[in-house]
Amino acid sequence: MLKERKEFGISYLKFSFLILIIAVISFCFFISCDKKEEEEKQDANSYEIYYLNNEETKLVPEIYKARKVSSDELIWELLQAMENSPKDLSLRKVKSDDISIKKVEADEGQLTIDFNSNYKKMEAVKEILYRAAVVKTLSQIQGVEFIQFYVEGQPLTNQNEQLIGFMSAENFIDNTGKETNYYQNVSMVLYFANKGGTKLKETHVTKIYDGTVTMEQLVIQQLLAGTESIEDLGKGYYDTIPKGTSLIKTTTKEGIAYVDFSEEFLTKREGLSDEVAIYSIVNSLVELSSVNKVQFTINGLSVEKFGDGISFDGIFERNLDIVE
């Protein structure tokens with residue numbers, strides 16, 4: 001009888017210990033589930049707000065904890081968050097304070113944002129990066145698939161007056177540094193020389209634009225690269241800028257593009273008229289909506305004459321009479 005009681009006691013202790021282990025495991029399981037649910041809840045309210053790096057060349061995200069839940073409220077909350085200064089002091093917000101959002105409309109996954117007229121005053125690189133920041137930020141909201149920009153009720157266009165249209169997160173490319181560059185296809189109208197060097201020939205070129213240079217620079221860089229860099233150009237097009245020429249600087253103010261070349265530009269290509277050499281650049285730049293006229297300098301200095309004696313220190317306008 002004593003033995004039976006002893007065995008019963010040992011069995012009871014084992015059973016109690018087993019129950020305790022099960023209870024502890026269950027408790028840990030429920031704690032883990034609650035923690036996981038809380039983390040998932042926090043992640044669901046976490047969004048990446050995009051800011052400019054210190055050099056103002058790339059976008060860098062910061063984590064933001066949203067308070068709102070509904071899509072309409074989230075859109076405004078995230079747009080407002082982009083107005084605030086980032087926590088990282090090395091970053092800065094993209095949009096200037098004089099640009100305001102007049103209206104936001106959402107319709108079946110398509111979002112339209114209307115800005116005031118100051119939006120058009122943004123520098124080309126910064127404007128593209130701001131678009132990238134907005135689209136990357138708002139595309140994280142469930143139900144927002146495409147975003148379009150308007151300015152004073154009119155659809156936004158690029159410098160070639162081409163409609164930007166709806167943008168999505170796929171328009172942006174992330175590199176391994178978790179930073180964002182924006183890439184888009186832009187069309188340019190370029191003018192090269194004909195075979196005799198007496199006339200210009202027009203061609204349309206599409207290039208990938210990453211926003212790191214102005215459109216004026218992109219056009220001149222393409223002219224510097226020459227006809228060999230353009231695929232499917234065809235025959236009868238000839239370079240107009242001398243080899244070895246480098247673009248020192250270009251700026252555009254009040255519709256005038258100021259172009260500063262190195263001294264190699266003065267060594268005109270053989271068989272080319274003065275007008276063809278100059279208006280190849282002028283006509284190409286004036287095709288941009290931001291440029292009406294062009295003025296040249298060489299190494300920062302005004303040069304009175306070019307080539308065989310054509311005046312070179314004035315302001316040049318478009319010349320279509322020289323186009324073949």
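1. Start with the aromatics: in this predicted model, counting ring pairs with centres within 6.5 Å gives 16 aromatic pairs. One worth pulling up on your screen is Tyr-279 with Phe-316, where the ring centres sit 5.8 Å apart and the planes meet at 85°, so this pair is edge-to-face. The cut-off for that label is an angle over 60 degrees.

2. Where do Tyr-279 and Phe-316 lie? Tyr-279 belongs to helix H5 (residues 274-286) and Phe-316 to strand S16 (residues 315-317), so the contact of their rings ties together parts that are 37 residues apart in sequence. Tyr-279 and Phe-316 are both buried.

3. Phe-316 has another ring partner to look at: with Phe-312 it makes a tilted aromatic pair, 6.3 Å from centre to centre and with 50° between the planes. Phe-312 is buried, as is Phe-316. Zoom out a little and these rings turn out to be part of one aromatic cluster, made up of Phe-261, Phe-265, Tyr-279, Phe-296, Phe-306, Phe-312 and Phe-316.

4. Now for a sheet. Four strands make an open sheet in the order S3-S4-S5-S6, and the pairing is mixed. Strands S3 (101-107) and S6 (154-155) are the edge strands; each has a single partner, so one side of each has no neighbour in the sheet. S3 runs antiparallel to S4 (residues 110-115), and 6 bridges join the two. To find the register, look for Ala-106, whose bridge partner in S4 is Leu-111.

5. Two helices to check against that sheet are H2 and H3. Helix H2 (residues 71-83) packs on the sheet and touches S3 and S4, with its direction at about 145° to that of S3. Helix H3 (residues 124-138) lies across S3, S4 and S5 (146-151), and runs at about 140° to S5.

6. How many residues of H3 are buried? The count is 14 of 15, so H3 is largely enclosed by the rest of the structure. Its length checks out too: at 1.5 Å a residue, the 15 residues of H3 should span 21 Å, and the C-alpha atoms at its ends are 21 Å apart, which agrees.

7. Last, the whole chain. There are 5 helices and 16 strands, and 42% of the 324 residues count as buried. Taking contacts between residues at least 6 apart in sequence, 61% join residues at least 24 apart. The chain exposes about 18600 Å², with carbon and sulfur atoms supplying 51% of that area.

Notes
Residues are numbered from 1 along each chain as its sequence is written. This is a predicted model: local features need pLDDT of at least 70, side-chain atom pairs count only at pLDDT 80 or more; totals for chains, interfaces and linings use all residues. Side-chain values use heavy atoms; hydrogens and water are left out. Two strands pair if DSSP finds at least two bridges between them. Contact means heavy atoms within 4.5 Å. Axes are lines fitted to C-alpha atoms, for helices over the stretch in contact, and angles run from 0 to 180 degrees between N-to-C directions. Buried means under 20% relative accessible area, exposed over 50%, partly exposed in between (1.4 Å probe, protein chains only). Accessible areas come from the Shrake-Rupley method with a 1.4 Å probe; for residues, only the protein chains shown count as cover. The expected span of a helix is 1.5 Å times one less than its number of residues. Rings of Phe, Tyr and Trp (its six-membered ring) pair if their centres lie within 6.5 Å; planes under 30 degrees apart count as stacked, over 60 as edge-to-face and the rest as tilted.
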